[in-house]
Structure formats: C-alpha cells, structure tokens
There are 2 protein chains.
Amino acid sequence: MKKSIGAKPTMLTNPVLIIGTYDKDNKPDIMAVAWGGMCNSMPPCIAISVRKSRYTYENLLLNKVFTVNIPSEKYVYEADITGVYSGREYDKFAENNLTAIKCEKINAPIVKEFPIAFACKVIHTIELGTHIQFIGEIIDTIVDEEVLNEKGLPSIEKINPFIFDSAANYYFSIGKGLIAGHNAKLKKEKE
Amino acid sequence: MKKSIGAKPTMLTNPVLIIGTYDKDNKPDIMAVAWGGMCNSMPPCIAISVRKSRYTYENLLLNKVFTVNIPSEKYVYEADITGVYSGREYDKFAENNLTAIKCEKINAPIVKEFPIAFACKVIHTIELGTHIQFIGEIIDTIVDEEVLNEKGLPSIEKINPFIFDSAANYYFSIGKGLIAGHNAKLKKEKE
C-alpha cells in the first residue's frame, strides 16, 4: 500500500560535501553540506545550499569561490563535526587535526587529508527559503595521486566516500558495484 | 601528492532519481537523472538538471510538475534504461514492465514498483549550459508502507537505494551504517 507522509526532505542518498572557504581575515573554514550535487555537465557545475546564518555564507558572498572536498569513510566523525560547529567560534581545521592548503586556482582552502577536491567559482545564487543555493562552476579537480585509477580518474573504491541519509540522520558507506551505466538495453532492442 | 586533473564532473556519490512526467497526450514517461539532490529544507525542495533535448524537458515545461522516484537496487537495470532511451520513441513504463500510477496531488505519474516518490512543483528554472536546472518544491512524499520505520519515515535499509559514480560510469549499492549525524563533538567540548 502506498502512503502519503507529507512534504519531507527525506532523500536517502545525499552526498557529504565539505565546503572550504576563507573568511575576511583569511582564516580557512570548512562546513559539511548534504543539500547539493552535480547540476551541469558543460561547464561542470556543483550546486550547494547553505543557510544565511552560516559563517560559510558570509565567506561565499565575500570571495565568490569555494572548494568541495570529499572525505573518506575514516573521516566521517570529522566531517560531521564541521556541520555542527561554527567557524565563527572555532578553527575547525585545527580542532579536527586537518590541514588547510591554499588551492592554486582559486582563493579557497583544500582539506589536505581528504582525497578529492573541486575548486568552484560561484556563477549563480538562488534564494530558496531556509537555504541559498550557490551554483559553482568547477574550475579544477585536485586529487591524491594514489586514488586515481588506470584511466587517471578518481576511484570510488580507493576514495571510500560515504553518504548521508537525511531520513534517519545517519551516515552510510558505499557498498558493492552493481552494473555499468548507460548500458542497459530494452527487450525490443535485444530481440 | 595532490594532482590537478582539470574541470571534470567526477562527483562520486550521485543519486539516481527517476523523473516522472506526463507528455502532451497524457502518456507517462520516466527518465533517470544523476545531476540533482535536495536543495532546501523549508519548503523542502529537490533540484534536478535535464538537457533541453530530452522529452522530459518538454514535459516539464508543459506541466511544471514532476515526481522523483527512488528505485531499489533490484531495479538498477530498469533505472539505467530510463536514462538511455527516449520517451519520444518508447513507452518506458511498458517496455520495463513498470506501472504508472497518477499522483493524487499533482499531474505526474508515480512508478508503482519503486518504494518512494516525491511529488514536486517547479518553482525555479535556471539555464546552466548543457543542462537546465529545475527546482521542485516537494508537495508530498508517497511511500510503500512496508518500507517505513517505526517513526513513520522511509528506511534506507528497507528501500535499498543505490548511487551513480559518474567517474567510473557505474552504479553502487549502499553499504553499512557508520555514525549518527549532527552528533560529533570537538575535543574541546569533550574535555
């Protein structure tokens, strides 16, 4: 039986995106975002949504650039912390024993310990209610060499990212590979 | 060693969102979208990006509503097919042995066999390049009763959704639970 449960933000497979910005004093800050994802192929763009009350929001307005860092499973605790505390009160890099590296292409910090980072330039800002959506054009992708596969692309199995289930408020790891994409055939085509 | 690999849409943990729309003749259509995700809490909104060449794009302009259906792992093949073929040429419901049910709240079809669907009303449209982003306000969430947990919320373990790795072009299942969200404490706070 189908049941209506009302308007709820219970998407199950949200990404965990750690947003890196500098503040007005050039202090690096990071914040976890689960409302976000890829939104364009060419130019490649990532959308992230941030509340106006967040320190990251101020930093985004100031610099109009950000990094999207993807943590490995072993950093799930540190990733969660970055969404709980504010950069106004804490140096979230130092408190988490994480290292900020200045991104070469934009004025935003990369988390050294996280295997992959996207350097993004804000190209759109959309007011949505509780959140403001920032659309960032990906200018560069910075990856630890050891997590690249033989094609020179980041390997999900080596990176071990994780997702956030907003219905249960719980983080989950990635499981086994299923099938290749864009490959399935309709019965008609197989005949 | 960090290595720059350029501007690439290699987000690893993309959702698999099956977008349901009716066409001008009221034929139900479905299409897989990996560029998307939650983008606002109140009102709850989902962003999806669609190419202008897609039949779904026409249907979205026509009706300004859509459903976001989340398939279980056992439907990964059917989900993939909906991204490969066009509703202009095929009835993707019939060809996949899937059943369209009219959503009660909006003029869009739900996939009966998929355990959860979000009924969405388009509130913003943003041109981004290859893709147009549609922001849909969630009007209702329709869930199979058997996948609800004791709190009346959809259970990721019962639904068994999966993700799309756009670097490897491969679908992956969800793995084990890690930790609860918004719960981690800084060293300072623990002392």
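Student: How much area do chain A and chain B bury between them?

Tutor: This is a predicted model, in which local features need pLDDT of at least 70 and side-chain atom pairs count only at pLDDT 80 or more, while totals for chains, interfaces and linings use all residues; side-chain values use heavy atoms and leave out hydrogens and water. Residues are numbered from 1 along each chain as its sequence is written, and chains are lettered from A and ligands numbered from 1 in the order in which they are written. Buried area is the accessible area (1.4 Å probe) that two parts lose on being put together, summed over both. Carbon and sulfur atoms carry 61% of it here, and the total for chain A and chain B is about 9300 Å².

Student: How many residues does the contact take from each chain?

Tutor: Contact means heavy atoms within 4.5 Å. From chain A the contact takes 104 residues, and from chain B 104.

Student: Which kind of axis relates the two copies?

Tutor: Copies are superposed by least squares on the C-alpha atoms of residues with pLDDT of at least 70 in both. Chain A falls on chain B after a rotation of 180° with 0.0 Å of shift along the axis, at an RMSD of 0.0 Å. The copies are therefore related as by a two-fold rotation axis.

Student: In chain A, which residue has the C-alpha nearest the axis?

Tutor: The same surface serves both copies, with 100% of the contact residues of chain A recurring in chain B. At 2.0 Å from the axis, the nearest C-alpha in chain A is that of Gly175(A).

Student: Which residue of chain A meets Asp144(B) in a salt bridge?

Tutor: A salt bridge puts a side-chain nitrogen of Lys or Arg within 4 Å of a carboxyl oxygen of Asp or Glu. Between chain A and chain B the count is 4. In one of them, at 2.8 Å from N to O, the partner of Asp144(B) is Lys2(A).

Student: What is the angle between the ring planes of Phe164(A) and Tyr171(A)?

Tutor: Rings of Phe, Tyr and Trp (its six-membered ring) pair if their centres lie within 6.5 Å, and planes under 30 degrees apart count as stacked, over 60 as edge-to-face and the rest as tilted. There are 12 aromatic pairs over all chains. Phe164(A) and Tyr171(A) form a tilted pair, 5.1 Å centre to centre, with the planes at 50°.
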